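Here are a few notes to get you started on this one. Have the model open while you read.

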Amino acid sequence: MIYLLSVLFLFNNLNSQIVMDNSIHQFVVNNINGDSFDFSTLKGKKIMIVNTASKCGLTPQYKKLQFLYQKYSDQKFTIIGFPSNNFLFQEPGSNEEIAAFCESNYGVTFPMMSKISVIGKDQHPVYQFLTKKEKNGVLDSKVTWNFQKYLLDEEGKLNKVISPRTQPDDQSIIDWILN
């Protein structure tokens, strides 16, 4: 009987771990100021994760991202930006330079994280999670350019991948936020 209870206990713990591994809430990263940012603090919120760049043709999306954040952040929604220099070296700045650029040009107040790699051999673990079905439990994807958007539900589960060219205020994204 004790053996059976032990097996059930281990199975339950293993099952809980599997569930946790399929959630963005397992990650702790550094924000753009170098402070720890724990994704578990976002439980209960829908999350848009977007890789950003300051010298890209899509950089003006910062304005619409900020608008979306201001309009819906009180409705259990947030945006997390991850600067990256993976596409044609369009984010060459330091974290300090990126933060200053975002604030002075677009008034960005949504959380920005430290610059990372979103593709390749040095791909950050958050982006390994977002792009690999074996880690997110939903689908494989590839980051194709700056401003690709990943939508995660209140439980930290991946729901959708949105093309970089799709504007942040696209009706399909707004519908997702509101439903």
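1. Start with the outer side of helix α2: the face turned away from its buried side carries Lys63 and Gln70, both exposed (over 50% relative accessible area; buried is under 20%, partly exposed in between, with a 1.4 Å probe and protein chains only). Keep in mind that this is a predicted model, where local features need pLDDT of at least 70, side-chain atom pairs count only at pLDDT 80 or more, and totals for chains, interfaces and linings use all residues. Residues are numbered from 1 along each chain as its sequence is written, and side-chain values use heavy atoms, with hydrogens and water left out.

2. Now flip to the other side of α2. Gln61, Tyr62, Leu65, Gln66, Leu68, Tyr69 and Tyr72 are its buried residues. They fall within an arc of 160 degrees seen down the axis, so they line one face of α2 (the arc is taken from the directions from the helix axis to the C-beta atoms). Among the elements they pack against are β3 (46-52) and α6 (171-178), with contact meaning heavy atoms within 4.5 Å.

3. Tyr62 is worth a closer look. It forms an edge-to-face aromatic pair with Phe147, 5.4 Å centre to centre and 90 degrees between the planes (ring centres of Phe, Tyr or the six-membered ring of Trp within 6.5 Å; planes under 30 degrees apart are stacked, over 60 edge-to-face, the rest tilted). Phe147 sits in the loop between α5 (133-136) and β5, so the pair ties together parts 85 residues apart in sequence.

4. Over in α6, Ile173, Ile174, Trp176 and Ile177 are buried.

Methods: Helices (H or I, at least four residues) and strands (E, at least two) are DSSP runs, numbered from the N terminus.
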